[in-house]
Every structure is written in C-alpha cells, then in structure tokens.
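Grab a pencil and have a go at these exercises. Try each task yourself before you read its solution.

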Amino acid sequence: MKNINTSKGEQSSGQAKWLVLLVLCAAQVGTSGDNAVVGIAASELINGLGATMSDVQLSNAMYSLMTGAFMIAGGLLGLVFGWVKSFRIGICLLITAEICGAFAPNIETFIFGARVMAGLGASLAIPAVLGIIAGTYQGKDQAIAFGGVAAASGVASAAMPLMAGLLIDSFGLSAAMLAMAVYFVGVLAASFKLDELVVTTKPKIDTIGIVLCGIGLVLFIIGALKIPELGLWAPITEVSIFGISPAPLMIALGLVVLTALYVWEGKFESKYGNCLLPKAIVTNKQVIVGLILGGAFWIGFATPAVVLVPHMQIIGGSGAMAGAIIGVSLAVGTVITSIIVPQRLNHLSTRLVCTLGLSFGALAAIILSAGLYSDGYSLPLLISGAILMGVACGLMATQCSIIVTDALNEKDAQQSGGIQAAARNVGYAIGIAIMGVTMLLTMSNGFKSEVKASNAITSETKQVIEQMPSINFLGDDAFESLMADKVVAEDMATLHAINAVSRVESNRSALYSVALSFLLMLFATRFLPNRSLMINKEDEAATESEEYKTQEA
C-alpha cells in the first residue's frame, strides 16, 4: 500500500490524482442512476411484480432508509477495511443488488433483497468516496474534487432519469437494472487503478454504536418523512397512538435512541480511542455548520420533487417532460457552479461563498413561488428559479465538505465522510418534512377558513368540512371523488374554486418555508472561516509572504 495522505506519491500528483476523481465521480453517478431507475419504474413494478402503490413507495424509500441508517457506520468501516477496499465492497454489493432486482420473482425480493442491498452498498461506497478525497487531496485540489462529486450528482440527476426511462420503455426494468450492473462492473474494474490509503491504527468496530445509530436514524427519518401522511401531532388517518400521530412519536423515540448513542460513544471513545461519532466531530462548531450546509444542499435538491413537479402535473396538467426540464435546470446551475467556483473563484472566503449560497437559495425559493398560479405555472420563472437554486446548491456543495475536513485531523476528516453522507440524508428528510407539514397545515387551515367564511356554501357542507381531519393536495378529479358523497351538490363549484386557491397557497407556503430555513441558517455562518479553504496552504503562505515583502519595501 502507498501512503497517499501526503503530497508525495504517484496517485496524489500529476494526472494520476485526477484519474482517482474520475473513478469516484463515476461511482457517484452510478448511485444516483440506481435511484433514477427505481424512481420511474412504478408501472413496471405494479404490472411486472404485482406491487401495490404502498410497495412502490417502500421501494423508493428503502434505499434512503438504509443509507441514512448505515452511512455513519460506513465511515468507520472504511478505516477498518481501508477506504479503497470498502469502496470495492460497496460497489460489489451494488452490482449484486442490480442483478437481484433484474431477476426478482416478486416485489418482496425486490424490496428486501435488491433495495436493501443497494442501500448497504451505497453506505460503504459513498463514505469511501468522501474519505478517499479527504485523504488524497488538499487545499484547492480538495475543493475541486468535492466540487466534481457535486457536479457528478447534478449531471446524474438530469441525465439518468432520461436514460433510465428510455431503457425501461424500450426493453423493460430488468434491462435497465442489468445495464446498471454492467456500469458498476466498469466502476469496480476502474477502482483497481486506485492505491489504498494507509491507516496506521485500525479502529475497533463499535457494534452497539452501529445498532443504536441505525435504529435511531431509521426512526427519525421515517417519522420525518411520514409527517405529511400521518399528521404533525393530531392524526389525520385512522392510525394513532393514544390519540397522537405516530410520526412525532417516532421522531421523539429516534432522538432518545440517538441521545443514548451519544452517551455510549463518549464512553466507547474514552476506552478505545475511536468511535462512530468522535468527540472532535460532534463538538466542533465549524464541523456542525459544515454538516448543516450539507443538509441544506439536499433541501434545495428536494424542492422540485416535493413542490414543483406535483404542481406542474396536477394543477398545470403537464407530463413528465416538464418536470425533467426543471430537473435539468437545477442540474445546470449546480454543475456550472461546482466547476467554476473551485477553479476560478477560489480566492473567495468560505463564509462569503456560503452566505451567497444560502441567500441565493432563499431568493430562488421566492422566485419559484412567484411562478406558481392557481390554474398553472410560468415555465420561464420556474426555470430561472431552478437554475438559481442549482447555483445555491452548487455554492454550498463546494464548501460543506472542506469546511468539515479543514477543522479535523486527517483520520477524523476521512471518517467524517459517513457522517457527512448521513447528515445529507437527514437534511433531505427534514426538508421534505418542513415542506410537507407547511403544505398540509396551509392547505387544511386555508381551505377550512375559506369555506367557513364563504356565504355561498351551505351550513351542511361547512359542518362536514370542519369535521374532516385534513384536506390534502389533490387534483380536481380526486377532489371531486373525495367530496362527492359528503357535501351538498350545489356547493361543489365553489369548493373547487376554494381548493384551487388553497393548493397554490400551500405550495407557495412550502417554498416560503424553504426560503426561511435558508435565511435562518445564515446565523450559523459566523462560525465559518473568513478565508478561503479552496487554496493550498503553501500558496496561501507564499501570498502572505509576498504581501509582507511588499509592505516592507
């Protein structure tokens, strides 16, 4: 093995170091592609494997649940196995998962075999990507590498759904998944060009910590994702626990387990010198802000899927292509920014770049809200807002990882990859929860308030509406079916008009909540370095020396 944690060695200098990045970016594209295939395969799963809509939703959620639960463990296991070996094991699991999905005889095998295995594979591969970058690159090169991975995510989010859709429509789901298996075989073959990073002292595996972390994060993520479906506090379905929605109880239980994990990790680290959550990571303010920004990046990425695409399809009557245009617009902003900032704007301070990213994200959310109408949308405004949101995500993506690694020693910086990846999953879940709760509360309260205030609606209908636990975001036909046997027939036209206004207001409110979240995060930027982390320390020292000589002269 070669020690590539220094500036010496074939792999950390010359063209070889960028071959490393190419392999890592290819892996990032592949994991995004795996999600894209499953994300657009609903009809194939229903018709081919006999899945229900609940099964389809679980198929999409299982990957996120597994990665959210085991990313942190993947960060520790990378130090145990070696980052490159951990990367290869993860890719092998992903290959197996794609083959299992391609030949799954039923939906149960697909979900609990293929999707679980894919999540476990990504839980090893993605932390390894971040760990290898932290151990291979420094300064400007590290910023470029992290920006490259962010750009790869952007490219994948735009291109992979189109390519996967073409394969599925032409040859079926099995062909698409076998194509992904072949792709990952190529990534695995390329990984043999990578040299292993040397770990001087291998850490002890924290089994209890891994179990507590998995349980706590699964409970928290499921609870956050289920708030729009089950209710923030009062249940909006027949499922309840002591009259309370299960969602907040799962979140609370998850936080209790994570608190127990924090206590356990402190004792484990004191005894063995290592743990899943090193004290140097969880108590460092700069690191915490870096993790928050990593979550913010994914909140921005979640916005189109949660708010824009449903509005465009349900209210605007558009097809999948309109949603793809928004996805491409978001990706364009992310890719361009992720490439340009580390290369051409690397003199900017980290605090300034993050402030701009959060500010642009808030402005983008406002622009997007202005593009939503009760009877449709403005595509130019949505494209403009999506590009600006992509720019905001790109700015944050270029900084969040180097903020973390800059504040840690080399070993903790490499291990932080799993924690960073988990923070992004948690951020994604929190973002969906924030938008979902805002939409639910605004939709229900706004609709009921307008019905109550209307003089054109009968008292019988008002009483029925008031007793309904919630009013969900529905298209006109679904709303008609929901209300047809509950309300007075002559009130239906007025209810449709109120529903149209309530829907757009709920979507706008969700975007306002995103803007407010970004603005609140601005307060955390005061803990960030007021200098650039995108330049090599040697170059920074040389610049300071030149400035000193100039002043002396």
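Below are four exercises on this predicted model, each with a worked solution.

**Exercise 1: two helices**

Work out how helix α11 and helix α14 are arranged relative to each other.

*Solution.* Let's start with the general idea: two packed helices are described by the angle between their axes and the distance between the axes. Now find the two players: α11 covers residues 285-315 and α14 covers residues 379-406. Their axes come within 8 Å and cross at roughly 160°. Angles over 145 degrees count as roughly antiparallel, so α11 and α14 are roughly antiparallel to each other. The crossing of α11 and α14 is left-handed. As for what sits in the contact, there are 17 nonpolar, 5 polar and 1 charged residues.

**Exercise 2: a salt bridge across the sequence**

Find out which parts of the chain the pair R531 and D406 ties together.

*Solution.* Side chains of opposite charge can pair when their charged atoms come close. A search of the whole structure turns up 6 salt bridges, and R531 with D406 forms a salt bridge with its closest N and O atoms 3.4 Å apart. Next, place each partner: R531 is in the loop between α18 (492-521) and α19 (537-552), while D406 is in helix α14, so the pair links parts that are 125 residues apart in sequence. Finally, check the surroundings. R531 is partly exposed at 35% relative accessible area, and D406 is partly exposed too, at 26%.

**Exercise 3: a salt bridge inside one helix**

Decide where E505 and R508 lie, and how many residues apart they are.

*Solution.* First the bond itself: E505 forms a salt bridge with R508, and the closest N and O atoms are 3.3 Å apart. Then the location: both residues belong to helix α18, 3 residues apart, or about one turn of the helix. E505 has a relative accessible area of 33%, which makes E505 partly exposed.

**Exercise 4: aromatic rings**

Classify the ring pair F297 and W298, then do the pair F447 and F479.

*Solution.* A pair of aromatic rings is described by the distance of the centres and the angle of the planes. The total count is 8 aromatic pairs. For F297 and W298, the centres are 5.1 Å apart and the planes stand at 80°, so this pair is edge-to-face. F297 is buried at 4% relative accessibility, whereas W298 is partly exposed at 24%. On to F447 and F479: 5.8 Å centre to centre and 75° between the planes, again edge-to-face. F447 lies in helix α15 (residues 410-453) and F479 in helix α17 (residues 476-483), so this pair ties together parts 32 residues apart in sequence. Both F447 and F479 are buried.

Conventions:
Residues are numbered from 1 along each chain as its sequence is written. This is a predicted model: local features need pLDDT of at least 70, side-chain atom pairs count only at pLDDT 80 or more; totals for chains, interfaces and linings use all residues. Side-chain values use heavy atoms; hydrogens and water are left out. Axes are lines fitted to C-alpha atoms, for helices over the stretch in contact, and angles run from 0 to 180 degrees between N-to-C directions. Helices (H or I, at least four residues) and strands (E, at least two) are DSSP runs, numbered from the N terminus. Angles under 35 degrees count as roughly parallel, over 145 as roughly antiparallel, 65 to 115 as roughly perpendicular and the rest as oblique. A crossing is left-handed if the near helix is turned anticlockwise from the far one by less than a right angle, and right-handed if clockwise. Ala, Val, Leu, Ile, Met, Phe, Trp, Tyr, Cys and Pro count as nonpolar, Asp, Glu, Lys and Arg as charged, and the others, Gly among them, as polar. A salt bridge is a side-chain nitrogen of Lys or Arg within 4 Å of a carboxyl oxygen of Asp or Glu. Buried means under 20% relative accessible area, exposed over 50%, partly exposed in between (1.4 Å probe, protein chains only). Rings of Phe, Tyr and Trp (its six-membered ring) pair if their centres lie within 6.5 Å; planes under 30 degrees apart count as stacked, over 60 as edge-to-face and the rest as tilted.
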